[in-house]
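Visitor: Could you walk me through this structure and explain the terms as we go?
Guide: Gladly; let us look together.

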Amino acid sequence: MHQILTEKEQRLLRDLREEKERILEPMERNLRKIQENLNSIEEKRSKLRKQLKQKDELIFLKEEASRKSRVCEEHQVLSVTCGALSIIKFNGLLQYRTWREMIRSIKPAPASLLLDPNTANPWLLLSKDLASVKLGSKRQPLPGTPERFDQCACVLGSEGFTSGKHYWEVIVGGKTEWRLGAARGSINRKGEINFRPETGCWIVWLKSGRGCVAGTSPSETCLTQNLKAQKIGVFLDYEGGQVSFYNADNMFHLYTFTQTFTGRIFPIFFPGLNTDGKNAAPLTICGVRGH
């Protein structure tokens, strides 16, 4: 990041120097023309004063001074305006343009994920943009395909990973229950699921009224009783063999699973039951889009 900003600064300084030279040259040329015009006007005025014997001298001087002033102002406005218009391009959206350059170079950048409707349990409702999921009030009449979860109210991300480092963030807001993490593409989709590493699932789970746990074996690992995160970050390092979880509001580390991965690894989402009537809000992926 430091290297990116340093290179950006050097490019801007170089461009500013070039722009300065480009602006100063016509401005200096205009100034020379103005001085030449003034000298020419002065010569013409001297000649005209001698020739116009019948014209009132005071009126004549006022007219000539006014004309000289207009010529001067026109050249000055032209020079200043050209310079101002040229500098605007260095100020406009500078911070945003720099961020766009940086985000392309950061590995991993927050992933732009979508949900896979073909894996969604029939009780789940997915948003039209496939970025949010929540528990519905009735079971939808969907085909029981092999890839669809039939009992566990889960859905996978549409993209699986077989290499690299990947990071995504999910808005959990004030939900009272949810499960998030990563799972093998070969995870069992039928019947009850034991969310443990030996079944190909690495998750963090907020339990209603019981705090946050990691789905470890042989028993769960308690993380915190007072998790106030509005967003959870999930980091997958395929070659490094880890799935890490963060409070994305302050990047506080919650837990890391270590594992040797094989096959395709998918993000997994479980919006949780709504038995207390307070867990109707969706889980929403908030990846960086369009970078």
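**Strands, core and cysteines**

Guide: Strand β10 (residues 242-247) and β11 run antiparallel and are joined by six bridges. This is a predicted model, where local features need pLDDT of at least 70, side-chain atom pairs count only at pLDDT 80 or more, and totals for chains, interfaces and linings use all residues. Residues are numbered from 1 along each chain as its sequence is written, and side-chain values use heavy atoms, leaving out hydrogens and water.

Visitor: What makes β10 and β11 a pair?
Guide: Two strands (DSSP runs of E, at least two residues, numbered from the N terminus) pair if DSSP finds at least two bridges between them. Here there are six bridges, so the rule for pairing is met. Within this pairing, Q242 stands opposite T258 in β11.

Visitor: Why are β1 and β11 called edge strands?
Guide: The open sheet has seven strands in the order β1-β2-β13-β4-β9-β10-β11, with antiparallel pairing. Strands β1 (124-126) and β11 (252-258) each pair on one side only.

Visitor: How do you know whether C212 is buried or exposed?
Guide: Buried means under 20% relative accessible area, exposed over 50%, and partly exposed in between (1.4 Å probe, protein chains only). C212 has 2%, so C212 is buried. C152, at 8% relative accessibility, also counts as buried.

Visitor: Why is C212 in no disulfide?
Guide: A disulfide is a pair of cysteine sulfur atoms within 2.5 Å. The closest cysteine sulfur to that of C212 is in C222, 9.5 Å away, which is too far for a bond. By this rule the count is zero disulfides. For C152, the nearest cysteine sulfur, that of C154, is 3.0 Å away, and C152 is in no disulfide.

Key:
Helix = DSSP H or I, 4+ residues; strand = E, 2+ residues; numbered from the N terminus.
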